[in-house]
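Subject: Structure handover

Hello,

The structure we spoke about is attached below, together with its sequence. Please look it over before reading on; my notes on what was found follow it.

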Amino acid sequence: MEKAFWFNSWELEGHYTSFHRKDIHPYAIKHLPPFALEGKTVLVPLCGKSLDLLYFSRFAHQVIGVEIVEKAIIQFFEENQLAYRQIGSRFVSGNITILCRDFFYLNREDIGSFDLVYDRASLVALPEPMRMRYLQTLEWLSPVGTLYFLNTLEYAPILKTPPFSISPAEVASYFPNYVIDHVECPMLPDHGMVRKFNLTHLKEHGFMMRKLYDSPVLIDIDELMETAW
Ligand SMILES: C[S@@+](CC[C@H](N)C(=O)[O-])C[C@H]1O[C@@H](n2cnc3c(N)ncnc32)[C@H](O)[C@@H]1O
């Protein structure tokens, strides 16, 4: 989506930021338990003010969020009573750093090294070709061996607004250089979107993935830059 879409959403709040959960996502607790986080640096792209950041900060070594809307970042720290300091575009509190930056323009020096990517409501927030550009950014930021926990929604009929429906087959095509373990796929008949959009069904998938090798097919980033935003 256009940047303005997200700034507007955070300005209006209410149902415009209904992606924000008031709890820690159960998939994070189930699939990324404390022992799996020990000593790890977790990258949370497009983090919003997710409480999952708090969970990771408790058990991981470092947490790095990336969020373009400063208001969301400030709300995260204030609502969780966390004292923070701002150094340029970095907001830091203990082992949590949130970069107030456009994810698509980050390089390895901005992020530093990380072991695990946590993606809930991030990939599904982006339409094509922005989704491809997001994947490309992650591809060149992520070293071989990186773990990636991905959460997607799959539903029908298809909507033209986020969150977009992404199937397991699409996930497989987006991550050909990853080994993929499809760990969750419950049908959620009581999900708020089912009622709101009169969906016939909705599944919430969870994928635990590990990067095996660098992708030999590098998408031309300059070409993507021209088409996105
Ligand atoms: C659907 S929300 C999901 C937030 C969070 N992952 C969660 O689970 O609550 C997507 C977030 O990405 C942010 N965002 C969108 N485009 C971005 C970009 N290019 N760079 C950084 N953040 C971005 C939006 O402001 C929004 O907070």
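**Unusual backbone spots**

N198 sits in the loop that links helix 9 (192-197) to strand 9 (201-211). Please keep in mind throughout that this is a predicted model.

The reason for starting with a loop residue is its backbone. Most residues other than glycine have a negative phi, and most peptide bonds are trans. N198 is not a glycine, yet its phi is positive, at about 55°. N198 counts as exposed because it has 8 C-beta neighbours inside 10 Å, where 12 or fewer is the limit for that class.

E13 also has a positive phi of about 55° without being a glycine. E13 belongs to the loop between helix 1 (3-12) and helix 2 (26-31). Its 13 C-beta neighbours inside 10 Å put E13 in the partly exposed class.

Two cis peptide bonds should be checked as well. One joins E128 and P129, with omega at about 0°; P129 is in the loop between strand 6 and helix 7 (130-141). Another joins P162 and P163, with omega at about 5°. P163 is part of the loop running between strand 7 (147-156) and helix 8 (168-174).

**Overall fold**

The protein chain contains 10 helices and nine strands. Its radius of gyration is 17 Å, close to the 17 Å given by the globule rule for 229 residues, so the chain is as compact as a globular protein of that length. Along the principal axes, the C-alpha atoms fill a box of roughly 45 × 45 × 40 Å. Of the 229 residues, 31% are buried. Among contacts with a separation of 6 or more, 67% are between residues 24 or more positions apart.

**The sheet**

How are the strands ordered in the sheet? The order is 3-4-5-2-1-6-7-9-8, in an open sheet of nine strands with mixed pairing. Strand 3 (85-87) and strand 8 (178-184) stand at the edges; each has a single partner strand, so one side of each lacks a neighbour in the sheet. On average, and with direction ignored, neighbouring strands are turned by 25° against each other.

Helix 4 (residues 52-59) packs on this sheet and touches strand 1 (41-45), strand 2 (62-66), strand 5 and strand 6 (116-120). The direction of helix 4 makes about 155° with that of strand 2.

Strand 5 shows both kinds of pairing. With strand 4 (residues 90-93) it is antiparallel, and four bridges join the two. With strand 2 it is parallel, again through four bridges.

On the strand 4 side, T97 in strand 5 is the bridge partner of V92, and R90 stands opposite L99 in strand 5. On the strand 2 side, V63 has I96 of strand 5 as its bridge partner. When you look at the side chains here, recall that in a regular strand they alternate between the two faces of the sheet.

Strands 4 and 5 also form a hairpin, with two residues between them. G94, in the turn, has a positive phi of about 55°.

**Around the ligand**

Which residues come nearest to the ligand? They are W6, L46, G48, I68 and F103, out of the 20 residues around it. By class, this shell has 13 nonpolar, four polar and three charged residues.

**Two exposed residues**

Y105 lies in the loop between strand 5 (96-99) and helix 6 (108-111). Y105 is exposed because there are 10 other C-beta atoms within 10 Å. Y105 and S18 are 87 residues apart along the chain, and 26 Å separates their C-alpha atoms.

E2 is in the segment before helix 1. E2 counts as exposed because it has 10 C-beta neighbours inside 10 Å. The distance from E2 to P127, C-alpha to C-alpha, is 9.9 Å, while in sequence they are 125 residues apart.

Regards

Definitions and conventions:
Residues are numbered from 1 along each chain as its sequence is written. This is a predicted model: local features need pLDDT of at least 70, side-chain atom pairs count only at pLDDT 80 or more; totals for chains, interfaces and linings use all residues. The radius of gyration is taken over C-alpha atoms; the globule rule is 2.2 Å times the number of residues to the power 0.38. A residue is buried if 20 or more other C-beta atoms lie within 10 Å of its own, exposed if 12 or fewer, and partly exposed in between; C-beta atoms are placed from the backbone. Two residues are in contact if their C-beta atoms, placed from the backbone, lie within 7 Å. A residue is near a molecule or strand if its C-beta atom, placed from the backbone, lies within 6 Å of it. Ala, Val, Leu, Ile, Met, Phe, Trp, Tyr, Cys and Pro count as nonpolar, Asp, Glu, Lys and Arg as charged, and the others, Gly among them, as polar. Two strands pair if DSSP finds at least two bridges between them. Axes are lines fitted to C-alpha atoms, for helices over the stretch in contact, and angles run from 0 to 180 degrees between N-to-C directions.
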